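Visitor: I am new to this structure and would like a close look at a single part of it. Please take one chain, go through it slowly, and then say what surrounds it.

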Amino acid sequence: MPSLLVIIPLLAVLLLNLPLNFLRRLALPAAVLFAVYQALFAMQLLPASCTACPTHERWFVNVLDPLTSVLLLAIAVVAFASVFVLHATASDEKHGFNAFNLIFLAVAGMNGLVMVRDLFSMYIFLEIASVASFILIAAQRDMGGLEGAFKYLVMSALATMMMLASIALLLAYCGSTSFMVVAEALHAHGSHGYLLTAVGLFLGGLLIKSGIMPFHGWLPDAYAAAPAAASTLIAGIVTKTTGVYALIRLVLHVFGPSVAVQQLLLIFGAISVVAGALAALGQSDMKRMLAYSSISQVGYIVMGLGVAGAANKFAAELGVAGAIFHLFNHAIFKTLLFVNAAAVEKQAGTRDMNQLGGLAQKMPITGLTSLLAMFATAGVPPLAGFWSKLLIIAALWLAGYHGYALLGIGASLLTLAYFLSLQRRVFFGLLRAGCENVREAGWALTVPSLVLAAILLGVGVALPWLIGSFLLPVKGF
Amino acid sequence: MTKLMYFAILLPAVISLLALGTRKLGKVCAATALLGAVVNLVVALKLFLAPAHAVHIPWTSWGLDFTLRLYPFSAFIVLAAAGFALAITLYSLPFMAKREHSGLFYFQLLLSVAFANGAALADNLILLLFFWEGLLITLYGLIAIGRPGAWKSAMKALVLVGVSDVCMMFGIALAGHYAGTMTISKMHLVLTQTGPTLAFLFLIVGATAKAGALPFHSWIPDAAVDAPLPFMALMPAAFEKLLGIYFLARITLDIFALTPGSWCSTLLMTLGAITILVAVMMALIQKDYKRLLAYHAISQVGYMILGIGTAVPAGIVGGLFHMINHAMYKSGLFLTGGSVERQAGTTDLNKLGGIARLMPVTFICFFVTACSISGVPPFNGFFSKELIYDGALERGGIFYAAALLGSFLTAASFLKLGHSAYFGKLSEANKGIKEAPWAMLLPMLTIAGFCIFFGVFNAVPLHKLIIPALTGSSFGAAHVEEIAKTHLVGWPVSTLLVVGTLVVLALALLNHFIGVKRSGSGIGAADHIHYAPGLHQAYDAAEKGWFDPYEIGLKLARALAAVTWGVDRFINWVSDSLAVGLTAMFSYIVRALHNGSLSVYIWWALAGLVLVIVFLVKVN
Amino acid sequence: MDPNLKTELLANVILMAAMLLGGLATVMLRQLVKAAIALAFTSVVLCILMFKLAAPWAAVFELSVCAGLITVVFISAISLVKPATEEERAAHMRFKVRRYFLLPLVLLTVGCGLSYMTVRPLPVVAGAELITDMRILLWGPRALDLLGQILVLLAGVWGVVVLFKEEK
Amino acid sequence: MNLITLIMPFGIFVALLAVVGLFCLIVTRDMLRILLALEIVTKAVTLLLVVGGAVSGQMALAQTLVITLIVIEVVVIVVGAGIVIAVFKHTGTLDVRRLRNLKG
């Protein structure tokens, strides 16, 4: 039952808050159990194993398409990692418990978001995940967190205003907010200025939510300032679902990848890829570098989406499959990096890369897994990130966008450059004075690291199986 | 029976390893080498007597099969190579005894024998290439163990032969592509299409360069000075001629049916004629026993290429006959040079003179072989040259004239060499010279004897060796037989050719006397040609290496290196300074733009929104 | 044009002009409390407008929640923060005068631009099935929105718990 | 029915109201006024939703949407106000320019 994925977290929040003290200690097991349940549920629905999936129930109609399943799986994995991080880093029990509840709510919001097929419902669930995120970022009430949360809140409110305006315009036009009705109605008069304005407003909102340059101002601040668990969840999946997933879904199934939309996505994607990587290159805060890297990687996804309507059908399929695959991969490796950043921050007491060095000797698991994640991000074969980038770049090339393809390859080098610099400054090199007493992080941080690294490796190695059974069907449009 | 061919390749290789193992033991090593040479000769003899057959081991799917083919031609080459190998091993026993690296010398000698046998027997082009390249390695090694500093010559040889071998590889690839097989005996290509012609040209480059023709020849004179002398008698004089001309014959007779009228034939003849003339002109002015011989080793290849290039039966038979003859007399000549070097301590013609009385046997051997190379009847060189003249005349007077001119200059240079080395005034320093030891005389005498035998009884080698070798080629055996009956038995048929040759020889003698009279010494006998107006400038240029492809290549490479160094520095600057600097600058700009102000970020988003909407409305 | 419709339109325009004035007041008024009250005024005008547009339920919510609850939230927030000093206010004022003079210009541009824009006609596509009963709609097809509301409210509860809780 | 003529009179006012709010959003330095400006924009969008329902005849749908929107709006404003008050406790001012610690 898909609606369970929304209802169980809601019930969990209500139950855990009954006035019984022992219930609070069940928060972590409950969250892990739920994440595992959701992962299994999503895997069961993946294209390879889904032959006769239920497609209709009371609240969610037509939900179970491959894109949704992939996102559900990613949400489960990231939620799994972030509750562990929360367990390891929460400053006291009360804070930790509040954050558990908020993570549950955010997960419920995201699950609803990826399953709804209605513009306004999408807005609601998007807002649930976002509100939970604002609170998670500000939860420590330190100056940085508050600043990041406020910027995120204002920009996000702006984005939702744009989306709502668009919804209102579409409502006036076709009297409904359901994807199907809107898509059909748009098909009839798609090139009218009024409808284009509506589409543009919605796209603008989604671009803010995805953190595409130049709509991204809030993103580095929010990611860098958030507490460890919050940044893991938000960077790993919240912006990916509220922004990128919604963008993919709407462009493919509602607005249609028209020439102008494709051009826009390519241009903004290219700007994000390059400028994000350039900005990441000069950072000294580990999480801020990861945040800019996130912008850059989302740029790739958007570029892949930008060939969705190409005349070359194969390129279009490849581009969309690559975008979705990269979305999944990015969720995994960015989460892994944020988990490791949390481990470093917890163990060494700082995220400033100028004060770190040689930690790989002291924290072998963290060092190794982050190296793996960075190689995956930069697209080193045979890790997962390589294949998805390859698909995107191949699609760009086949669709005739040679310049964009070359840009993608070039930015890959920049990615490798800043990540190698991170790796050298944090994990390799001489052990810094002051880092002598650093130890490997506890199980709560190493377990998710290892699990995520195993997924990265497994997806990369199992690609030949995935490509036929999972990736190409995912396009599903 | 089939195993015999494996023995021919493996036995020398195994014994060479034994020689390598015992290289510190001096005489044991030498004995091992002698044993190896004897065993090899026995195997070669057995092969020669065995009926023609082939072995085929499929190996890879893409054309590399282990295919060996024994037929009269390959058996003949293996036998000849084995004979020279034994003679030269024997000769080396005293010659190399006191030298460094003698163990390595024997090791590489035997390894060369193995490779040469393999190359002769191989019926697969890729397999052939393997053995061919193996010979290149031993060539390098054998030159490099000569006197100190010989590695420069070795490197030169490696580069020049290596370049030609790359051409050959390309040719092999092309030929295999167009023929659809790598088996030589199954390849039949025609020279009317561009692709096969290209393959032919590349293969020709490989074969003729191995034989030592222009323009890949210039390592030979340098190696003559630097390498141990038996090497010269073995490789450039014997093995490389045998294999190079053998492969050339297989290209022109088996793989491609070269026809007399084709431009490829004319090209080959031109290459032959130019090689004859240029090399012999250079030989004429040499003042060193070994260098002079080395240039002749190049020049005589021209005759063979000319003969085979004629594509008429007389020329081809003559070319192959000249190949075996040349291998004999040139080895013999190098060996006499070796005895002179060993006994007199020098090969500089200025320091030699009048040693004929002190080394009579050596002189006799020299006389016989020199007469052979000059084409004096009734020595073997005369008969093979007559056949080549016959073929050349059939194709055009100009080639005949060039060959005759070459003959004249050859005779002149050997008159000069014999005069200055063996006659004239005996210097004080050379008074104590003694005859060489028997182990060195025996091979020389044997070779000289064969020179006479192949001359007087020329029908024997022609009918027993050359004509069977051509059987099975595109020339029908009967056709060759017929030509042999009418043309080749005993005395050459055409009296005109004989008269021409005799006139030329007489002129050479006359020229020699004029030269001696003018300069007053035997060594200056060619000076009037050397310093003739117009010629001496050319000679100066040649001596400076202006025509040496290796020197030109080196200069080009240096210039190119300078250019690439500059380019590399520039790229280095671009990548190290400019790119990093630009990236850092852009990175700084991007970071400076993120000034943390919320209103700026809102501005960006709103501007982006306006952009999106305007773009969407405008583009649609 | 039908005189009734004309009157209707005129009334709507006047109401919207009042809303715009309320918005301007919210933005421009010096004291935050007055600005919050101006916002409440805007909400009330919006409520009347909604009522006139035949959206009584939405109007009720607008009146009670926006004009009521949000004003309360704002005023409590304003009372929790220390009012700015007179000096700061003066500086703010100077700054405001400098910056806000652009606003009428922008408004004029946008208004004129939209008024004089020629847009080709676009028919209304009635794609969806028409449900007029809000009860059926709210508990039927839009029940998911109610679930979402509950989740958002829960998130809001934790927002209050986390953000307003007094530190010791 | 031409949608443009139906919606344009309202559309202009909505746009003007939104511009007022957005202008304030950029220009102001007071964090609470930023929230007020967001409220103004929300009012504009709410009006547009109702108008959309009126134009397409789906009034009931528009009303349900508006109700949900109002609930979410309140939550966002409450969270925003909470953040503003927490910032005020740290810095003693509402000046948004103080929120420039994170940059680069």
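Guide: What follows is a walk through chain A, then its surroundings.

The model is predicted, and the mean pLDDT of chain A is 85, with 93% of its residues reaching 70 or more. Confidence varies along the chain: among its elements, helix α20 (residues 463-474) of chain A has the lowest mean pLDDT, 63, while helix α6 (residues 119-138) of chain A has the highest, 93. Where pLDDT is low, the predicted coordinates should not be read in detail.

Chain A is built from 20 helices and zero strands. It has 477 residues, and 68% of them count as buried. Among its contacts with a separation of 6 or more, 80% are between residues 24 or more positions apart.

A good place to look closely is the pair formed by α6(A) and helix α7 (residues 143-174) of chain A. Their axes come within 9 Å and cross at roughly 175 degrees. Because of that angle, α6(A) is roughly antiparallel to α7(A). On the α6(A) side, the residues that meet α7(A) include A:Leu119, A:Phe120, A:Tyr123 and A:Glu127, and further along A:Phe134, A:Ile137 and A:Ala138. On the α7(A) side, the residues in this contact include A:Gly145, A:Leu146, A:Tyr152 and A:Leu153, as well as A:Met163, A:Leu164, A:Ile167 and A:Leu170. By class, the contact between the two helices has 14 nonpolar, six polar and one charged residues.

The loop between α6 and α7 of chain A holds A:Arg141. A:Arg141 is not a glycine, yet it has a positive phi of about 55 degrees. Most residues other than glycine have a negative phi, and most peptide bonds are trans. With 19 other C-beta atoms within 10 Å, A:Arg141 counts as partly exposed. Another loop of the chain, between α9 (193-210) and α10 (218-225) of chain A, contains A:Pro214. The peptide bond that joins A:Met213 and A:Pro214 is cis, with omega at about 5 degrees.

The helix α7(A) also matters for the packing of nonpolar residues. The largest nonpolar core has 321 residues, and those with the most contacts inside it are A:Ile103, A:Ile135, A:Leu456 and C:Ala155. The largest share of this core, 23 residues, comes from α7(A). One of the residues just named, A:Leu456, can be followed further. Leaving aside neighbours within four places in sequence, A:Leu456 is in contact with A:Ile332, A:Phe333, A:Leu336, A:Leu372, A:Ala373, A:Ala376, A:Leu383 and A:Ala384. Apart from this core lies another, of 208 residues, which includes B:Leu139, B:Met187, B:Phe414 and B:Ala448.

Now the surroundings. Chain A touches chain C through a contact that takes 35 residues from chain A and 23 residues from chain C. On the chain C side, those residues divide into 18 nonpolar, four polar and one charged. Chain C has a residue with a positive phi as well: C:Ala54, which is not a glycine, has a phi of about 65 degrees. C:Ala54 is found in the loop between α2 (32-52) and α3 (56-80) of chain C. Its 14 other C-beta atoms within 10 Å make C:Ala54 partly exposed.

Chain C is in turn in contact with chain D, with 70 residues from chain C and 60 residues from chain D taking part. On the chain D side, α1 (3-27), α2 (31-56) and α3 (59-91) of chain D each supply at least two residues. Of the elements of chain D, α3(D) gives the most to this side, with 24 residues. By class, the side of chain D that touches chain C has 44 nonpolar, 13 polar and three charged residues.

Chain B has 23 helices and two strands. Of its 620 residues, 53% count as buried. In chain B, residues 24 or more positions apart account for 79% of the contacts with a separation of 6 or more. One residue to look at there is B:Arg147, in the loop between α5 (125-144) and α6 (150-179) of chain B. B:Arg147 counts as exposed because it has 12 C-beta neighbours inside 10 Å. The C-alpha atoms of B:Arg147 and B:Ala227 are separated by 6.6 Å, although the two are 80 residues apart along the chain.

Key
Residues numbered from 1 in each chain as written. Chains lettered and ligands numbered in written order. Predicted model: local features only at pLDDT ≥ 70, side-chain atom pairs only at ≥ 80, totals over all residues. Contact = placed C-beta atoms within 7 Å. Nonpolar A, V, L, I, M, F, W, Y, C, P; charged D, E, K, R; others polar. pLDDT = per-residue confidence, 0-100. Helix = DSSP H or I, 4+ residues; strand = E, 2+ residues; numbered from the N terminus. Axes fitted to C-alpha atoms, helices over the stretch in contact; angles between N-to-C directions. Parallel < 35°, antiparallel > 145°, perpendicular 65-115°, else oblique. Buried ≥ 20, exposed ≤ 12 C-beta atoms within 10 Å, placed from the backbone. Core = buried A, V, L, I, M, F, W, Y, C linked by C-beta atoms within 7 Å.
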